[in-house]
Amino acid sequence: MSWIVEDSLNFHGIEIWAYMHDWIEDIHPFNLLYYLLHPERAITGPSKQVLELWDRLNAIRPTIAIGGLDAHARYILPFISVFSYKKLFNTIRTHILSTPFSGNSCEDTKKVYSALRNGRSYIAYDFLAETSGFSFMVIDGNQRAVIGGEIKLANDLVSQIKCPQIAKISLLHNGAVVKCVNDRFLNYDVKSPGSYRVEVYLKNKPWIFSNPIYVR
């Protein structure tokens, strides 16, 4: 069931992509068996409406995006399941940017919450390919902002994006694409304030969606 109440937008985070909600979107009795056997072919990425809402909210205040699964394994026979947890946990993931974990559960939990709270994260469909090593930052000679951060508008301000492999990389400013390349890298001279985020497609499939960097 879609949430359509847009007259109460007093929240600071939003799940932009959930695996099972994406999978079931276009399911009907005639294609159910096919997509049960090939679930990855039903995955199309975050909906246009959700991304538009997210961009509108980011124009008002930072609004943190996460990805999810809505994981519910279904057993059709003992020990035979569709959408097993082992498989689902290898699909959509929220990657956080953090200092190394210490092994202390209390300290490490705080690091996870801090990263999520401050938007130092990106959502990735790791079923397609490994996404560790993706990076997005805005820099000049004196300052640097990573995903979730803020930076002051200045001369020589440059957005730098790096992907683990060649893919379609799009940089969006306030929800509109300002540069798109098929490459591992994208650099862009930042001339205007606003919210900048990244979308990456691999083999025409949704792959990576970053939280924004805010240029003030």
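Strands E10 (residues 158-173) and E12 (194-202) pair in the antiparallel sense over six bridges, where pairing requires that DSSP finds at least two bridges between two strands. Strands here are DSSP runs of E with at least two residues, helices are runs of H or I with at least four, and both are numbered from the N terminus. Within this pairing, leucine 172 of E10 stands opposite arginine 197 in E12. The model is a predicted one, in which local features need pLDDT of at least 70 and side-chain atom pairs count only at pLDDT 80 or more, whereas totals for chains, interfaces and linings use all residues. Residues are numbered from 1 along each chain as its sequence is written, and side-chain values use heavy atoms, with hydrogens and water left out.

E10 has further partners. With strand E11 (residues 176-189), E10 pairs in the antiparallel sense over 12 bridges, and lysine 162 stands opposite phenylalanine 185 of E11. The hairpin of E10 and E11 has two residues between the strands, and asparagine 174 takes a positive phi near 55 degrees there. Strand E7 (135-139) also runs antiparallel to E10, joined to it by five bridges; here isoleucine 139 has valine 158 of E10 as its bridge partner.

Arginine 197 leads from the strands to the charged side chains. Side chains of opposite charge can pair when their charged atoms come close. A salt bridge is counted when a side-chain nitrogen of Lys or Arg lies within 4 Å of a carboxyl oxygen of Asp or Glu, and by this rule the model has four salt bridges. In one of them, the side chains of aspartate 55 and arginine 197 meet at 2.8 Å, N to O. Because aspartate 55 lies in helix H3 and arginine 197 in strand E12, the pair ties together parts that are 142 residues apart in sequence. Both aspartate 55 and arginine 197 are buried, meaning under 20% relative accessible area, with exposed set at over 50% and partly exposed in between (1.4 Å probe, protein chains only). Arginine 197 also meets glutamate 199 in a salt bridge, again at 2.8 Å, N to O, and both of these residues are buried. Shared partners thus join Asp55, Arg197 and Glu199 into one network of salt bridges.

Another salt bridge is formed by arginine 93 and aspartate 126, whose closest N and O atoms are 3.5 Å apart. This pair links distant parts of the chain, with arginine 93 in strand E5 (residues 92-96) and aspartate 126 in the loop between strand E6 (121-125) and E7, 33 residues apart. Arginine 93 counts as partly exposed because its relative accessibility is 31%, while aspartate 126, at 9%, counts as buried.

Helix H3 (48-60), home of aspartate 55, has 13 residues and an expected span of 18 Å at 1.5 Å a residue, which agrees with the 19 Å between its end C-alpha atoms; the expectation is 1.5 Å times one less than the number of residues. Its buried residues are Leu51, Leu53, Trp54, Asp55, Leu57 and Asn58. They pack against strands E1 (13-18), E2, E12, E13 (205-210) and E14 (213-215).

Threonine 63 lies in the loop between H3 and strand E2 (64-68), and counts as buried because its relative accessibility is 0%. Beyond its neighbours within four places in sequence, threonine 63 contacts (heavy atoms within 4.5 Å) Phe11, His12, Gly13, Ile14, Trp54, Leu57, Asn58, Asn211 and Tyr214.

Finally, the aromatic rings. Rings of Phe, Tyr and Trp (its six-membered ring) pair if their centres lie within 6.5 Å; planes under 30 degrees apart count as stacked, over 60 as edge-to-face and the rest as tilted. By this rule there are eight aromatic pairs. Tryptophan 23 and phenylalanine 83 pair edge-to-face, with 4.8 Å centre to centre and 75 degrees between the planes. Tryptophan 23 belongs to helix H1 (residues 19-24) and phenylalanine 83 to the loop between strand E4 (80-82) and helix H4 (85-88), 60 residues apart. Relative accessibility is 6% for tryptophan 23, which therefore counts as buried, and phenylalanine 83 is buried at 10%. Tyrosine 122 and phenylalanine 134 are also edge-to-face, at 4.9 Å and 65 degrees. Elsewhere, ring pairs link Trp17, Tyr19, Tyr125, Phe127, Tyr201 and Phe209 into a cluster.
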